[in-house]
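Visitor: I would like to learn how to read strand pairing and surface charge in a model such as this one. Could you take me through it slowly?

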Amino acid sequence: PVRSCVHTENCFVPISEIIAVEETEFNKKQRNIGRWQKMAKLHAFTVHYVKKARNHRWRCSAATFWCVDEHLCNQWTQALKELLEMQKSRPKQLLVYINPYGGKRQGKRIYEQKVAPLFSLASISTDVVITEHANHAKDNLFEVNIYKYDGVVCVGGDGMFSEVMHGLIGRMQKDSGIDQNNPKASLVQCNIRIGIIPAGSTDCICYSTVGISDPVTSALHIIVGDCQPLDVSSVHHNNTFLKYSVSLLGYGFYGDILKDSEKKRWMGPMRYDYSGFKTFLSHHYYEGTIAYQPAKHTHGSPRDKESCRTGCYICKQSEKQLAEQNKEHGLKHEEGEEEWKVIKGKFLAINAVNMSCACPRSPKGLSPAAHLADGSADLILVRKCSRFDFLRYLVRHTNQDDQFDFPFVDVYRVKCFQFTSKLSEDNESNVMDIGKKRFGQFCRDHPACCCNIVNSTWNCDGETLDSSAIEVRVHCQLMKLFARGIEEDCKDEAAHSQSSIEQLL
């Protein structure tokens with residue numbers, strides 16, 4: 001018989017969630033009393049596996065199995081190792097970028113103490129680069145042979161992820177001869193997965209795709225080879241590429257917060273609270289025009305309360321529908337024929353999100369029903385309102401109430417949109433050619449005013465963009481993460497916190 005040296009509740013662990021199997025030297029002190037004590041020698045192997053806890057947290061647990069038959073023990077070990085070798089989605093070689101300055105400057109320590117030992121246990125080889133300046137990782141990705149790696153890991157915050165993402169997507173387009181400055185270009189998908197080890201001030205992308213900002217959990221998702229497609233939005237101005245965005249593209253309130261907080265980096269993460277309060281009190285609004293194309297291919301809506309979860313049906317069906325549309329009509333035909341909706345008014349905030357943008361302070365995020373890979377973005381327009389009403393809207397980000405249930409808030413699911421500020425409209429006759437051709441019906445409830453016009457700043461995934469006239473397009477599943485989306489609540493699994501894999505064996 002093969003016996004376990006731990007006595008816990010039985011549970012089933014799939015091969016896909018076993019981390020490693022290794023031969024074990026059996027300690028004499030571990031022997032049980034009775035007849036096993038009389039055996040001359042015991043043979044053992046240890047199985048390291050994923051143990052799921054509450055709030056989407058993963059931990060590495062282990063169970064040691066032993067017997068007196070050396071041949072039987074070797075058979076079990078070899079059989080399990082062969083099954084692990086068959087898991088082709090698992091990475092064997094990774095390129096790792098560590099930002100030693102981000103967040104609380106703990107990136108290097110977090111990787112060395114919490115992540116590197118797990119990679120070593122799983123027999124993953126790594127090439128580690130400590131970034132020394134801004135865009136170090138991005139520039140390096142244009143030079144290295146990225147095709148020899150099974151994935152790229154970034155250790156840091158959302159800024160570090162953005163840098164790696166821009167480097168990978170840019171490298172793919174360069175190698176494929178795609179001009180990123182063409183806003184209508186069909187971009188080549190990036191099949192090299194990105195892993196995020198959270199170590200920054202904000203880890204919104206990790207939280208929204210895994211469900212928790214925890215380095216060990218993220219490392220285990222990388223080890224088991226999870227794969228989560230992700231939509232990416234491209235941002236252009238006058239046929240010039242500006243940035244890619246995967247989470248928040250915000251003008252007005254969130255743009256002003258970012259612009260002010262950048263001047264106070266010495267305050268650390270507290271700068272966001274300070275700048276947020278200051279921006280709320282200022283209560284600035286901005287006038288401009290939005291032109292957008294509805295995402296008719298999607299199988300959901302921003303207010304249907306259908307959250308994106310692991311193996312999301314809406315993402316799969318929306319991707320399939322979009323692929324069929326593009327195959328039948330082609331991208332250029334689709335853009336030229338489909339109707340553009342136009343809205344003109346005064347806005348406190350204009351937000352476009354590709355994901356929920358959930359974080360510990362706002363567990364639902366800016367758009368709770370936004371999907372990671374459905375080829376669309378949720379466009380949220382917060383019109384000019386009283387300071388008290390705006391506060392009511394912001395508070396709903398932290399509770400379970402419908403944050404879109406206000407007369408001054410509109411939300412649309414779009415595949416592309418254009419924005420130009422009132423100042424840009426007055427000064428540039430050639431801005432938004434497509435939109436201007438369709439500006440037949442403006443919003444009569446919010447006529448243009450004669451007040452002093454000023455421009456805000458775009459917050460693009462935590463980085464500032466000063467252009468007040470932009471064109472944004474969503475590219476369906478342009479990249480992939482080492483993640484599986486947020487899993488359904490697993491309270492039942494957490495109850496088995498002291499589990500073994502005896503039943504598997």
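Guide: In this predicted model, strand 13 is joined by 6 bridges to strand 14 (residues 377–383), and the two strands run antiparallel. To see the pairing at the level of residues, look at Ala-352, which stands opposite Leu-379 in strand 14.

Visitor: How many bridges are there between strand 12 and strand 13, and in which sense do the strands pair?

Guide: Strand 12, made of residues 286–294, pairs with strand 13 in the antiparallel sense over 7 bridges, and here Thr-289 stands opposite Lys-344 in strand 13. Strand 11 (residues 248–252) also pairs with strand 13 in the antiparallel sense, over 5 bridges, with Tyr-251 placed opposite Ile-350.

Visitor: Why is strand 13 described as largely enclosed by the rest of the structure?

Guide: A residue is called buried when its relative accessible area is under 20%. In strand 13, which covers residues 341–353, 12 of the 13 residues are buried, and therefore the strand is largely enclosed by the rest of the structure.

Visitor: Turning to the surface, which residues form the negative patch?

Guide: The negative surface patch is formed by Glu-23, Glu-25, Asp-69 and Glu-70. Of these, Asp-69 can be located in the loop between strand 4 (58–67) and helix 1 (70–85).

Visitor: And how should I describe the exposure of Asp-69?

Guide: Partly exposed is the term for values between the buried limit of 20% and the exposed limit of 50%; Asp-69 has a relative accessible area of 38%, so Asp-69 is partly exposed.

Methods:
Residues numbered from 1 in each chain as written. Predicted model: local features only at pLDDT ≥ 70, side-chain atom pairs only at ≥ 80, totals over all residues. Heavy atoms only, no water. Patch = residues over 30% accessible without salt bridge, like charges linked within 9 Å, V, L, I, M, F, W, Y side chains within 5 Å. Areas by Shrake-Rupley, 256 points an atom, 1.4 Å probe, with all protein chains shown as cover. Salt bridge = Lys/Arg side-chain N within 4 Å of Asp/Glu carboxyl O. Lys, Arg positive; Asp, Glu negative; His and termini not counted. Charge placed at Lys NZ, Arg CZ, Asp CG, Glu CD. Helix = DSSP H or I, 4+ residues; strand = E, 2+ residues; numbered from the N terminus. Buried < 20%, exposed > 50% of the residue type's maximum accessible area, 1.4 Å probe, protein only. Pairing = 2+ DSSP bridges.
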